[in-house]
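This report describes how a protein meets DNA in one model. Look at the structure below before reading on.

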Number of protein chains: 2
Amino acid sequence: MASTKEPDSSRRSDRSRRAIHDAALALVGERGYRRTTIEAIAARAGVGKQTIYRWWPSKAAVLMEAFLDLAARSAEEAGPQAGGEHGIPDTGDLAADLKRVLRATVDELNDPALEGPTRALTAEGVVDAKLGAEFVEKLLDPQLALYVTRLRAAQEAGQLRADADPRIALELLVAPLTHRWLLRTLPLTHAYADAIVDLALGGLTSRP
Amino acid sequence: MASTKEPDSSRRSDRSRRAIHDAALALVGERGYRRTTIEAIAARAGVGKQTIYRWWPSKAAVLMEAFLDLAARSAEEAGPQAGGEHGIPDTGDLAADLKRVLRATVDELNDPALEGPTRALTAEGVVDAKLGAEFVEKLLDPQLALYVTRLRAAQEAGQLRADADPRIALELLVAPLTHRWLLRTLPLTHAYADAIVDLALGGLTSRP
DNA sequence: AAGGCAAGACGATACGTATCGGCTTGCCCG
DNA sequence: CGGGCAAGCCGATACGTATCGTCTTGCCTT
């Protein structure tokens, strides 16, 4: 028993880890997820295959960590009051604030540099429940939480129905964008984001 | 040129095709998409590997066709006025009609027999644009078209804002369900479907 | 000197192709 | 008519390639 020898993480090479992150992101962007092999990642990173197998359980896990690392670094660079990641602005105008954030999300989803890895990771999570849970917990939920706080503020300001669950309301706003992007049903544009905000806030029912 | 000899489809064995469909669906349900191999499908179907490679370009294509066939057959069985596939009911009560259909969709998405293959196919479409387009065209769009007609009827009955694009309004209703199911953020229940309908129709904004 | 490191050999699968008789199908010739 | 004959799909299987994940070997950092 207990033959599962855990490697000593204190001796781990941070240099190799970063090189593997970079190589993984680059290769997935260039050739797609399916066609990037562990061996290719190792070769590009100038690293032995075993160094990857020692520290990661799967190709998807490598990519996930690379992604998290990238997000953490770009968040750090961006500083406290950055563009679209560190909280949703509250100017008092809920519709305008939401449009601003959703437009930024549209731009992010349409960014060709991020599209490949993001699609790969999402698709993997759709099929692999374990990885999907990690994806949701570490990447998606923190972002959605920002909406919850902003929507709660709107609720306290009397701009949002008191009986609306912010967690559900948020999905009404975000899910349509995700839907178009993931399934590629129709183009994902700023105009679409605006339309979603207007319809979601105003409601579909006609009023006198 | 023209050395691409197309096989003669008139001599194709329908028996083999069905066996392959069934085997593919069963194996994907049992072992997941990644771990079902073409060779295993052939073995289970009692079919030569080449018979699969002769008629299908990829594993995903086999599954897609199997799925379409299944949908077509179950639609046929269900008859003209079946549960949830052949048009959205129009009782005059838009909210009730939508809840009925979305609840049925929830049940379908939660059906363990269909979950495996559907996830596999969707995930493949997320990554493979060509397959995704086929998936949308042959499976998703026809279903969404039903919403468009129902919503247009509601619009003519004065129950839906005249300035709302039905194609976008539909996404407000359907996307949240897809979102929860695909990403597994929270449980997908009838109560959630009802909440979505109420919020989408009534709007998020508080009213006097 | 202990252990992670780069490099790569290795067995195990799965892929997609090629080929083999066997069997059905449709056509030709007697 | 009707027996044979070519064509072509069928199940089956051998084959070479690609990738996997493990294992081994020295080197080099710590």
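## The protein surface at the two DNA strands

The residues of the surface near DNA strand D fall into three classes: five are nonpolar, eight are polar and eight are charged. The model is predicted, and the values here are computed from it.

**Strand D.** There are 21 residues around DNA strand D. Those that come nearest are Lys49(A) and Gln50(A) from chain A, and Asp8(B), Ser13(B) and Thr51(B) from chain B. On the DNA side, sugar and phosphate make up 57% of the atoms of strand D that come within 4 Å of the protein.

Which helices each supply at least two residues of the surface near DNA strand D? In chain A they are helix H2 (38–45) and helix H3 (49–55), and in chain B helix H3 (49–55). H3(B) gives the largest share of this surface, with five residues.

**Strand C.** Around DNA strand C there are 20 residues. Asp8(A), Ser13(A) and Thr51(A) of chain A come nearest, together with Lys49(B) and Gln50(B) of chain B. By class, the surface near strand C has five nonpolar, seven polar and eight charged residues.

Of the atoms of DNA strand C within 4 Å of the protein, 59% belong to sugar or phosphate, and the bases supply the rest.

Helices contribute to this surface as well. H3 of chain A, and helix H2 (38–45) and H3 of chain B, each supply at least two residues of the surface near DNA strand C. What is the largest share of the surface near DNA strand C, and where does it come from? It is four residues, and they come from H3(A).

**Contacts with phosphate.** The table lists distances from a polar atom of a residue to a phosphate oxygen of a DNA strand.

| Residue | Part of the residue | DNA strand | Distance |
|---|---|---|---|
| Ile38(A) | backbone N or O atom | D | 3.3 Å |
| Asp8(B) | polar backbone atom | D | 2.5 Å |
| Ser16(B) | polar side-chain atom | D | 2.9 Å |
| Gly48(A) | backbone N or O atom | C | 3.3 Å |
| Trp55(A) | polar side-chain atom | C | 2.9 Å |
| Tyr53(B) | polar side-chain atom | C | 2.9 Å |

Asp8(B) appears twice in this report: it is among the residues that come nearest to DNA strand D, and a polar atom of its backbone is 2.5 Å from a phosphate oxygen of that strand. For strand C, Trp55(A) and Tyr53(B) reach a phosphate oxygen with side-chain atoms, whereas Gly48(A) does so with a backbone atom.

Terms used: Residues numbered from 1 in each chain as written. Chains lettered and ligands numbered in written order. Predicted model: local features only at pLDDT ≥ 70, side-chain atom pairs only at ≥ 80, totals over all residues. Heavy atoms only, no water. Near = heavy atom within 4 Å. Polar contact = N/O pair within 3.5 Å; in protein donor to acceptor, adjacent residues only side chain to side chain. Nonpolar A, V, L, I, M, F, W, Y, C, P; charged D, E, K, R; others polar.
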